[in-house]
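User: I am new to this structure. Please take a close look at the part where polar and charged side chains meet, and work outward from there in one connected account.

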Amino acid sequence: MKPVVKIGAFAAALAATFGTAYGVGNAVGPVSPDDDGGHGAHGETAAHAQHTPGAKKRTATDETPGGLQISEGGYTLDLETTRVPAGGRTTLRFAVRGEDGRPVTEYRREHEKELHLIVASRDLTTFRHLHPARAADGTWSTTADLPAAGSYRVFADFTPAAGRENLTLGADLAVTGPYAPEALPGTGPTATVDGYTVRLTGWLAPGADSDLAFEVTRDGRPARLQPYLGAYGHLVALRSGDLAYLHVHPHEEAHGSAASGPEVAFTAAAPSAGDYRLFLDFKVGGEVRTAAFTVHAGGDTAVPEEEHGDSGHSH
């Protein structure tokens, strides 16, 4: 039987040992809503498929990956909602504040949106790519379904109109309810979601750019990928342990082929050896789905043929 852990104690233990390691699980015992996982100044870590032309892009050798910090470049992620119950839909509210403390109200659009919000559990079994609405005063809100209790990380990926640098800021979110830690899903070259099979080829090399390609099929036939937020696929990559948000961008040639073909390709920069979770958003038949993979940077291959990836899930 898995041990029952309260969110506050769990988050503190992780911070002391791993910096911010994961753990979200299934119902075993109650977690008190009075125990707050908090929102701290550790952790940006995810990566979007593209960035605004001319924006500064991080590389694998940058000292601090995205998402590991709550403040950077004079901007701060102010997460108003720091604790929510597990199960059902909940509302998340936040603001991005500038050096003057006021909410930012002007952004450059990326992937057809001013800001992308990523929510991921620290065991990397739950992932949400959300598009919140901004009020005139600069505050943001969105709804999300977070099924399992545990410690989560919230990432705001944006480019302020006043600057040319794309930023990914991160803050902690506690999801209360029955909790038990889960192991990181195993590595593998395929993931299945809603009858679609997604095959990953390529691997991550620590400290260098690596090419990753994803082919989507159904019943052995190529799937016809549809445009979604100005692209044919969006990839978010998170490092296991601290949820560092990797720099990822698509191959330009993938855009032309993906319109009538099943494949989309990216270049990803892994800052270190270790395990990573890849979340591919793709659209087929008018619906966006997410395929998830675990890969290891530092070995001969991140996707050994004898292993199988876990199933993805729909948005």
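Analyst: A polar contact is a pair of N or O atoms within 3.5 Å; within protein, one atom must be able to donate a hydrogen and the other to accept it, and residues adjacent in sequence count only if both atoms are side-chain atoms. The model examined here is predicted.

Start with His 129, which is found in strand 9. Its side chain is joined to that of His 116 by a polar contact of 3.1 Å. The side chain of His 129 also makes a polar contact with the side chain of His 131, again given as 3.1 Å. His 129 counts as buried because its relative accessibility is 4%, and buried means under 20%.

Strand 9 spans residues 127–130 and also holds Arg 128. Which residue forms a salt bridge with Arg 128? The partner is Asp 145, and the closest N and O atoms of the two are 3.2 Å apart. This pair links distant parts of the chain: Asp 145 belongs to strand 11 (residues 139–145), Arg 128 to strand 9, and 17 residues separate them. The two ends are not equally covered: Arg 128 counts as buried at 12% relative accessibility, whereas Asp 145, at 29%, counts as partly exposed. Arg 89 belongs to the picture as well, since Arg 89, Arg 128 and Asp 145 are linked in a network of salt bridges. As background, side chains of opposite charge can pair when their charged atoms come close.

The structure holds nine salt bridges. Another of them joins Arg 134 to Glu 114, with the closest N and O atoms 2.9 Å apart. Here too distant parts of the chain are linked: Arg 134 sits in strand 10 (residues 133–134), while Glu 114 sits in the loop between strand 7 (107–108) and strand 8 (115–121), 20 residues apart. Arg 134 is partly exposed, with a relative accessible area of 29%.

The loop between strand 7 and strand 8 also contains His 111. What is the sign of phi at His 111? Phi is positive, near 55 degrees, in a residue other than glycine. Most residues other than glycine have a negative phi. His 111 is buried, with a relative accessible area of 8%.

Strands 10 and 11 take part in an open sheet of five strands, whose order is 3-4-6-11-10 and whose pairing is antiparallel. Strand 3 (71–72) and strand 10 stand at the edges; each has a single partner strand, so one side of each is left without a neighbour in the sheet. Within this sheet, strand 4 (residues 75–79) and strand 6 (residues 89–97) pair in the antiparallel sense over four bridges. Asp 78 stands opposite Ala 95 of strand 6. In general, strands of a sheet pair through backbone hydrogen bonds, either parallel or antiparallel.

The loop between strand 10 and strand 11 holds Asp 137. Is Asp 137 buried, partly exposed or exposed? Asp 137 counts as partly exposed because its relative accessibility is 47%. The side chain of Asp 137 makes a polar contact of 2.7 Å with the side chain of Thr 139. Leaving aside residues up to four places away in sequence, Asp 137 touches Pro 103 and Thr 105. Asp 137 and Pro 103 are 34 residues apart in sequence, and their C-alpha atoms are 7.0 Å apart in space.

Elsewhere in the chain, a further salt bridge is formed by Asp 242 and Arg 239, with the closest N and O atoms 2.6 Å apart. Both Asp 242 and Arg 239 are buried. Leu 243 lies in the loop between strand 18 (234–239) and strand 19 (247–250). Although not a glycine, Leu 243 has a positive phi of about 60 degrees. Leu 243 is buried, with a relative accessible area of 0%.

A positive phi also appears in a hairpin. Strand 14 (residues 190–193) and strand 15 (residues 196–202) run antiparallel and are joined by four bridges. Thr 192 has Thr 197 in strand 15 as its bridge partner. The hairpin of these two strands has two residues between them, and Asp 194 takes a positive phi near 50 degrees there.

Terms used
Residues numbered from 1 in each chain as written. Predicted model: local features only at pLDDT ≥ 70, side-chain atom pairs only at ≥ 80, totals over all residues. Heavy atoms only, no water. Salt bridge = Lys/Arg side-chain N within 4 Å of Asp/Glu carboxyl O. Buried < 20%, exposed > 50% of the residue type's maximum accessible area, 1.4 Å probe, protein only. Contact = heavy atoms within 4.5 Å. Pairing = 2+ DSSP bridges.
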